[in-house]
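Please follow this account of the structure below, which proceeds from individual residues to a pair of helices and then to charged side chains.

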Amino acid sequence: MAMAVTKQTLIGEMLRMDIGIASILMAAGMHCVGCPSSAMESLEEACMVHGMNADAVLAEINKYLANK
């Protein structure tokens with residue numbers, strides 16, 4: 001069964017799921033993935049703070065996970 005995330009998944013949970021997700025987040029412009037406070041933000045919250053499209057980032061992450 002493939003792993004998948006939602007907009008409500010916490011950044012810390014995603015990184016524990018697969019550290020490769022950090023590269024996707026950083027490429028999208030979210031360079032603070034190592035910050036302790038980011039670990040407790042949902043993907044949706046983090047995207048909102050950074051002015052990013054949460055649906056687009058979510059699609060990239062789930063595409064990456066599906067192809068593993």
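Ala46 counts as buried in this predicted model, because its relative accessibility is 0%, whereas the limit for a buried residue is under 20%. Ala46 belongs to helix α3. When residues up to four places away in sequence are not counted, Ala46 touches Ile11, Met30 and Glu41. Ser23 lies 23 residues from Ala46 along the chain, and the C-alpha atoms of the two are separated by 15 Å.

Helix α3 also holds Cys47, which is buried at 1% relative accessibility. Apart from its neighbours within four places in sequence, Cys47 is in contact with Met30, Met52, Ala54 and Val57. For Met30, which is 17 residues away along the chain, the C-alpha separation from Cys47 is 7.9 Å. Met30 is thus a residue touched by Ala46 and also a contact of Cys47.

Two of the contacts of Cys47 lead to the packing of α3 with α4, since Ala54 and Val57 of α4 take part in it. Two packed helices are described by the angle between their axes and the distance between the axes. Here the axes of α3 and α4 come within 9 Å and cross at roughly 130 degrees, an angle that makes α3 oblique to α4. The crossing by which α3 passes α4 is right-handed. On the α3 side the contact is made by Leu43, Glu44 and Cys47, and on the α4 side by Ala54, Val57, Leu58 and Ile61. Sorted by class, these residues comprise 6 nonpolar, no polar and 1 charged.

The loop between α2 and α3 supplies two further residues to consider. One of them is Ala28, which counts as partly exposed at 38% relative accessibility. Not counting residues up to four places away in sequence, Ala28 touches Met52 and Val57. Both Met52 and Val57 are also in contact with Cys47. The C-alpha atoms of Ala28 and Glu60 are separated by 9.5 Å, with their positions 32 residues apart along the chain.

The other is Ser42, in the loop between α2 and α3. Ser42 has a relative accessible area of 9% and is therefore buried. Leaving aside neighbours within four places in sequence, its contacts are Lys7, Gln8, Thr9, Leu10 and Ile11. Among these, Ile11 is also touched by Ala46, while Lys7 leads on to the charged pairs.

Side chains of opposite charge can pair when their charged atoms come close. How many salt bridges does a search of the whole structure find? The search finds 3.

In one of them, Glu44 pairs with Lys7, and the closest N and O atoms are 4.0 Å apart. This pair links distant parts of the chain, with Glu44 in helix α3 (residues 43-50) and Lys7 in the segment before α1 (11-17), 37 residues apart. Glu44 is partly exposed, its relative accessible area being 36%. Lys7 is likewise partly exposed, with a value of 23%.

Lys7 also meets Asp55 in a salt bridge, with an N to O distance of 3.1 Å. Because Lys7 lies in the segment before α1 and Asp55 in helix α4 (residues 54-66), this pair ties together parts that are 48 residues apart in sequence. Asp55 is partly exposed at 47% relative accessibility.

A further salt bridge joins Asp18 to Lys68, where the closest N and O atoms are 2.7 Å apart. Asp18 lies in the loop between α1 and α2 (21-27) and Lys68 in the segment after α4, so the pair ties together parts that are 50 residues apart in sequence. Is each partner buried or exposed? Asp18 counts as buried at 10% relative accessibility, whereas Lys68 counts as exposed at 60%.

Shared partners connect some of these salt bridges: Lys7, Glu44 and Asp55 are joined into one network. Within this network, Glu44 also takes part in the contact of α3 with α4, and Lys7 is also in contact with the buried Ser42.

Notes. Residues are numbered from 1 along each chain as its sequence is written. This is a predicted model: local features need pLDDT of at least 70, side-chain atom pairs count only at pLDDT 80 or more; totals for chains, interfaces and linings use all residues. Side-chain values use heavy atoms; hydrogens and water are left out. A salt bridge is a side-chain nitrogen of Lys or Arg within 4 Å of a carboxyl oxygen of Asp or Glu. Helices (H or I, at least four residues) and strands (E, at least two) are DSSP runs, numbered from the N terminus. Buried means under 20% relative accessible area, exposed over 50%, partly exposed in between (1.4 Å probe, protein chains only). Contact means heavy atoms within 4.5 Å. Axes are lines fitted to C-alpha atoms, for helices over the stretch in contact, and angles run from 0 to 180 degrees between N-to-C directions. Angles under 35 degrees count as roughly parallel, over 145 as roughly antiparallel, 65 to 115 as roughly perpendicular and the rest as oblique. A crossing is left-handed if the near helix is turned anticlockwise from the far one by less than a right angle, and right-handed if clockwise. Ala, Val, Leu, Ile, Met, Phe, Trp, Tyr, Cys and Pro count as nonpolar, Asp, Glu, Lys and Arg as charged, and the others, Gly among them, as polar.
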